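Colleague: I've got a structure open and I'd like to learn how to read it feature by feature. Could you walk me through it?

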Amino acid sequence: RSLNRHNTINGFEEEKEEDDCHHQMKQQQKTLSEFNKKIPLISSSKGKEETQKEAKNAFAAPFKRKNFSSEEGGDREEEEEEKTRRKDDRDPVPETGFTIWDASLLLAAYLKREEKMEQFLGASAASAAAGKTTRVVELGAGTGAGTLLLVESVVEKMRERNGDVRFVVTDLDVVLHLLRHNVRESGASEFVSVQRLEWGETRRKEDVESVKTLLSPSRIDLVIGADLCYTSNEEVIKNLADTVKLCGSRACVMAFCREHNPSAVDLFESLCEDTFRIKKVTNTDPLWPEHVREDSDDFVIFEMTRCVALDE
C-alpha cells in the first residue's frame, strides 16, 4: 500500500512528566492483543490512513512527535511529501519504523500456520523431541508487530512439544526505545530481546555478532522481515541483502508490498539468489492466510532457504 509519508514520525523523545507517560502507557494495554484479533489487510485508502493513525496512537503515545505536519492545503502537503520522498531515498533510516505496515501483519499470520511453524520455526515433533531451541531475528522490526503478533502462538506450540524459541527484534538506535516499550507492554520480554542492528558496512558485522551473543549457542536459525524494500537507494537494499547473508541463518522469510517499490524488491531478490533458493508465495497459494487473501495482490512472501554455507 502507498506510504503516507507526510503523516510519518520524524523522531521521538520521552515525556518528562512521569504521570502523563504512565497514563498514556495504561491506555496502550489494548495494542497488540487487539491487532492480533483483527489482522486483515486494509484495502481502501481511507482505511489505510485510519489504520496508520490507530497504530501510531497505540504504539507511540508516550512520545512527543517532532516535525509532525498537521498543516492543511494541497500545495503545502505536496511539497512536504516530495521533500520526505527525497529524504527517504538518501536516508537509510526513514521514519517508517514508527508505523505498523500491512506486510508485518501478513508475515505474522503466515508464519502462524502450523505447517510454517514446523517448517521454519522448529515446531515439529522431531525438533521438540531433540530439545531444540529455535532462534529468530527480525530485521528492521520498527514497532515489533511482526514478531509480537507471532511469538505467543509459537511459544505455545513449542511448549506443547517441549521445545523452546527465542526472538531478537532489531533496528536502529532511534527506534529501540519504542521497541523495548512494546515488547514490555506485550508481556513478551521472557522470549523477545531488543538489539541494535545496522545494515551499513561500518557496523554490520559488529552488530550481527552482538545479536548472536544474546543467543545460546551463538547462531541464528531464521531471519524475518516485513516491507524492508521501500527505498530507491540501491545501497540500502544491497546492505540489507549483505546483512541477511551475514546472519548465517538456514532460512529467511520476508513479506513485501511490491506497490511500495517493485524495483527494490526485485533487486533484493537478485542479490540473494547466489546464497538462497527463493520461493515466492502469493495470495494464490493455498497456505496464504484466508482472511488476508482478498485485496492482497500486491503482496508477496519470499521463503528463502540457504544453499551456500556462511564463510567464517
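Modeller: Let's begin with one residue, L111: at 0% relative accessibility, L111 counts as buried. Buried means under 20% relative accessible area, exposed means over 50%, and partly exposed is in between, with a 1.4 Å probe and protein chains only. Bear in mind that this is a predicted model, where local features need pLDDT of at least 70, side-chain atom pairs count only at pLDDT 80 or more, and totals for chains, interfaces and linings use all residues. Residues are numbered from 1 along each chain as its sequence is written, and side-chain values use heavy atoms, with hydrogens and water left out.

Colleague: Where is L111, and which residues does L111 touch?

Modeller: Look in helix 5 (residues 102–111). Helices (H or I, at least four residues) and strands (E, at least two) are DSSP runs, numbered from the N terminus. A contact means heavy atoms within 4.5 Å. Leaving out residues up to four places away in sequence, L111 touches K116, M117, F120, L121, L150, I224 and V253. L111 also sits 9.4 Å from P289, C-alpha to C-alpha, with their positions 178 residues apart in sequence.

Colleague: How many helices and strands are there in the chain, and what share of its residues is buried?

Modeller: The chain has 13 helices and 9 strands, and buried residues make up 54% of its 312 residues. For contacts between residues at least 6 apart in sequence, 80% join residues at least 24 apart.

Colleague: I224 lies in a strand, I gather. What surrounds strand 6?

Modeller: Strands pair if DSSP finds at least two bridges between them. Strand 6 (residues 222–226) pairs in the parallel sense with strand 3 over 3 bridges, and with strand 7, again parallel, over 5 bridges. E138 stands opposite I224 on one side, while L222 stands opposite A251 in strand 7. As for cover, 5 of the 5 residues of strand 6 are buried: L222, I224 and A226 point one way, V223 and G225 the other.

Colleague: What links strand 6 to strand 7?

Modeller: Helix 12 does, and the three make a right-handed β-α-β unit. A crossover is right-handed if, with the strands pointing away from the viewer, the path from the first strand over the helix to the second runs clockwise.

Colleague: What is the strand order in the open sheet, and why does one side of each edge strand lack a neighbour?

Modeller: The order is 5-4-3-6-7-9-8, 7 strands with mixed pairing. Strand 5 (192–196) and strand 8 (276–281) each have a single partner strand, so one side of each is left without a neighbour in the sheet. The twist averages 20° from one strand to the next. Strand 7 (residues 251–257) and strand 9 (residues 299–306) run antiparallel, joined by 7 bridges, and C252 has M304 as its bridge partner.

Colleague: And how do I read the faces of a helix?

Modeller: Try helix 11 (residues 204–213), where R204, D207, V208, V211 and K212 are buried. Seen down the helix axis, these fall within an arc of 145°, so they line one face of the helix; the arc is that of the directions from the helix axis to the C-beta atoms. K205 and T213, on the other side, are exposed. Among the elements covering the buried residues are strand 3 (133–138), strand 4 (164–171), strand 5 and helix 12 (234–247).

Conventions. Axes are lines fitted to C-alpha atoms, for helices over the stretch in contact, and angles run from 0 to 180 degrees between N-to-C directions.
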